Amino acid sequence: MLQFTYHRPISELPEASKQYLNNGMLFFDIETTGLSSSRNRIYLVGLGWLDGEQVTVQQYLAENASDEASVLAAALAFMTDRQFDTLVTFNGTTFDLPFFEKRCEKHATASDIFSTMDHLDLYRRIHPIRHFFPMEHFRQKDYEKLLGIGREDQYDGGKLVAVYHRFEKTKKQADCDLLCLHNKEDVFGMFHLISLLACLQVKEDVSIDSLQATSANEVSIRFHLKAPVPISIRQLKTTGSLLLRKTSGLAVLPLYQGTLRCYLPNPMDYFYLTAEDTVVHKSVGQFVDPAFRRKAEPEECYTEFVLPVEYLDGEVHPYCEGSLFENVGKALEGFLRQV
């Protein structure tokens, strides 16, 4: 088994990454001879962590098939000795962790260390906001390209399998370098990708700075973010538009005039009163003459109301508690949850 260690200064990372990194995190990535954990094996494990003012990556490379058990044992020993509390992967839920555990089981090696750590799968955590990013695919290299990260490595995991089998036979340094380079850049890359978590805060926690009615038909809301987003984000929806840049956000929401409809849940719980063109709950409608009522259809099961002018003048809205500022805050929260 061969072991390699690399260092890079933490100053190379985006500011947003530093908001989410801590000394308890261990970044984890494996390289395998195929996708089946029962028929293929692990030939390289890469681990990364914060080490003072630098990021350190350590690799364990199997020189042949019999080295796999040593690679697994070395990685587990390191994890146990350092006592990290959070494991960070990119799509590790689906691939890296189950593959690693299956190979440990084959070699009768206990891998229960994973149960003692939280797991942050960057792929799964970021996936709900993938529409924020103008990409066709959502692989790690695609996210890295989005962040402007250049890679010296030009291989993917599948193409490196042949390189590894050649290395097993010849032990050429050039092949060893290619194998290690790919894994090293995968691990270092995750330290950059963690900055994308800043984009999630738009759905979780924002603070409004100001609002302004820009025209008769829209309101502009400026808000700030606790952590800077690593890239500018633009979203245009029928329900409004969104711009995120560094720690600033701008949402422009349309203002609707006239009569609004609030559709009621569970239409089967309502009667439609034919003479009054309205719906009432069955608890009340049961006392109406059956000749003047029928079951409500979903499309007619609503109530109507008109927003008064005072709503736009900052007065208390009769249908909501609080000021215009608070009510627009609720509207912004609803928009951001849907965007």
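Colleague: Does alanine 108 count as buried or exposed, going by relative accessibility?
Modeller: Quick caveat: this is a predicted model, with local features needing pLDDT of at least 70 and side-chain atom pairs pLDDT 80 or more, while totals for chains, interfaces and linings use all residues. Residues are numbered from 1 along each chain as its sequence is written, and side-chain values use heavy atoms, with hydrogens and water left out. Buried is under 20% relative accessible area, exposed is over 50% and partly exposed is in between (1.4 Å probe, protein chains only). Alanine 108 comes out at 74%, so it counts as exposed.

Colleague: And where does alanine 108 sit?
Modeller: Helices (H or I, at least four residues) and strands (E, at least two) are DSSP runs, numbered from the N terminus. Alanine 108 has a positive phi of about 55 degrees despite not being a glycine. Its place is the loop between helix 3 (96-106) and strand 6.

Colleague: What distance separates the end C-alpha atoms of helix 6?
Modeller: The expected span is 1.5 Å times one less than the number of residues. Helix 6 (residues 157-170) has 14 residues, so it should span 20 Å, and the end C-alpha atoms agree, at 20 Å.

Colleague: Which residue caps the N-terminal end of helix 6?
Modeller: Look for a polar contact, meaning N or O atoms within 3.5 Å, one able to donate a hydrogen and the other to accept it, with sequence-adjacent residues counting only if both atoms are side-chain atoms. A side-chain oxygen lies 3.1 Å from the backbone nitrogen of glycine 158, and the capping residue that owns this oxygen is aspartate 156.

Colleague: Aspartate 121 is buried without a salt bridge; which side chain of opposite charge is nearest?
Modeller: Lys and Arg count as positive, Asp and Glu as negative, with His and chain ends not counted. A salt bridge needs a Lys or Arg side-chain nitrogen within 4 Å of an Asp or Glu carboxyl oxygen. For aspartate 121, the nearest candidate is 4.3 Å away, and that's arginine 124.

Colleague: Why is the pair of phenylalanine 100 and phenylalanine 114 stacked or edge-to-face?
Modeller: The whole structure has 15 aromatic pairs. Rings of Phe, Tyr and Trp (its six-membered ring) pair with centres within 6.5 Å; planes under 30 degrees apart are stacked, over 60 edge-to-face, the rest tilted. Here the centres are 5.5 Å apart and the planes at 75 degrees, so the pair is edge-to-face.
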